[in-house]
Amino acid sequence: MEGQGGAWQVPGYTRIREVSGDGRVVLARHDDDGTEVVIGYLDSPPGDEEAVARFRADARLLASVDEPRVVRPREYVEGEEGAAIIREAAEGEPLRRILDRAGPLPPEAALALLKDTLLGLAAAHRAGVAHGDVRPDHVLVTADGTGRLAGFGVAHLVRSSADDAGPYLPPGEERADGPAADLYAAAVTFAEALTGERPGEADRDRHPPPVEHVPEPLRELAGYGTAARAEDRPESAERFLERLAEAAAAGYGADWEERGRVALR
């Protein structure tokens, strides 16, 4: 594999194209069986053993997560010149692309994707690993209307630009750090799915993101997830799921999820 600037590349794979702008996350094909994978390379100075150790630990924890809504690593590779996570090239269209093409989702569909995202985060958090970069780019919508959460470990690999990551970070934070930040980003993504408005378009420093365009039955739920004070936000993915179930049933009836899945297919 040819790498960016001569950087170390995992042997046995042929690079197809970049997934990230700087070439540290790439789509590749396994030379032996032709399987397409996504390879993420650790973005750290040579010899940074602490960064490699964190990267290795997260990869191993994530591999133990038994949750179909989480795109798990297929292999972890480490050598003298670098480290990388190899994961399946998961099926599904990124939520970002859907919103750019078709605009806001029906409320039931946005609720279904938030539920999938929170189920994925709950499983990962129980295993001891945070996502670190939850946003519409990493929520994949499959043909059967299920959401899958990709991009685990990307926070270790490629530092998102402030323009990309900033609106999804809790107030006062410069980078996502831990489960609480994941839940905040999931709530911002939910509000974006409902309105079609990218957070921070009008005022990138505004926190919490405006929720006045969120449908009224879900405004309180979106505000709960994006509250300015950390103590007013969900303490866990499980608690967020409980509030979601209450708001969805109250606003859209007992069969809200079935209608949401149909809309996503």
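I started with the hairpin strands: β4 (residues 73-79) and β5 (residues 82-88) pair in the antiparallel sense over 6 bridges. I count two strands as paired if DSSP finds at least two bridges between them. Helices (H or I, at least four residues) and strands (E, at least two) are DSSP runs, numbered from the N terminus.

The model is predicted: local features need pLDDT of at least 70, side-chain atom pairs count only at pLDDT 80 or more, and totals for chains, interfaces and linings use all residues. Residues are numbered from 1 along each chain as its sequence is written, and side-chain values use heavy atoms, with hydrogens and water left out.

**Hairpin**

I looked up the loop and found 2 residues between β4 and β5, which form a hairpin. Glu75 has Ile86 as its bridge partner in β5. Val77 is in strand β4 and is buried, with a relative accessible area of 15%. I take buried as under 20% relative accessible area, exposed as over 50%, and partly exposed as in between (1.4 Å probe, protein chains only).

I listed what Val77 touches, not counting residues up to four places away in sequence: Trp8, Val10, Gly82, Ala83, Ala84 and Ile86. Contact here means heavy atoms within 4.5 Å. I also checked Val77 against Arg56, 21 residues apart along the chain; their C-alpha atoms are separated by 8.9 Å.

**Aromatic pairs**

I searched the whole structure and got 3 aromatic pairs. The rings of Trp8 and Tyr41 have centres 5.9 Å apart and planes at 90°, so I record this pair as edge-to-face. Rings of Phe, Tyr and Trp (its six-membered ring) pair if their centres lie within 6.5 Å; planes under 30 degrees apart count as stacked, over 60 as edge-to-face and the rest as tilted. Trp8 is in the segment before β1 (13-18) and Tyr41 is in strand β3 (residues 36-41), so the pair links distant parts of the chain, 33 residues apart. Both Trp8 and Tyr41 are buried.

Phe55 and Tyr76 form another edge-to-face pair, at 5.8 Å centre to centre with 70° between the planes. Phe55 lies in helix α1 (residues 49-63) and Tyr76 in strand β4, so this pair ties together parts 21 residues apart in sequence. Phe55 is buried, with a relative accessible area of 0%.

I noted one charge over a ring as well: the charged end of Arg243 sits over the ring of Tyr224, 3.9 Å from its centre. The criterion is NZ of Lys or CZ of Arg within 6 Å of the ring centre and within 35 degrees of the ring normal.

**Cores**

I then looked at the nonpolar cores, each a set of buried Ala, Val, Leu, Ile, Met, Phe, Trp, Tyr and Cys residues joined through side-chain atoms within 4.5 Å. The largest has 50 residues, and those with the most contacts inside it include Leu114, Phe190 and Leu221. Elements that give two or more residues to this core include α2 (95-102), α6 (179-195) and α7 (216-225). Helix α3 gives the most, with 11 residues.

I followed Leu114 further: leaving aside neighbours within four places in sequence, Leu114 is in contact with Ala186, Phe190, Leu221, Phe240 and Leu244. A second, separate core has 11 residues, among them Trp8, Val10, Val26 and Ile86.

Thr117 lies in helix α3. At 7% relative accessibility, Thr117 counts as buried. With residues up to four places away in sequence left out, Thr117 touches Val134, Val139, Leu149 and Ala186.

**Helix α9 and the small sheet**

Which residues of helix α9 (residues 256-264) are buried? I found Trp256, Gly260, Arg261 and Leu264. They cover an arc of only 130° around the axis, which puts them on the same side of α9; the arc is that of the directions from the helix axis to the C-beta atoms. What covers them includes α3 (107-127), β7 (139-141), β8 (147-149) and α8 (237-252).

The open sheet of 3 strands runs in the order β6-β7-β8, with antiparallel pairing. Its edge strands are β6 (93-94) and β8, each pairing on one side only. I counted 2 bridges between β6 and β7; Glu93 has Val141 in β7 as its bridge partner.
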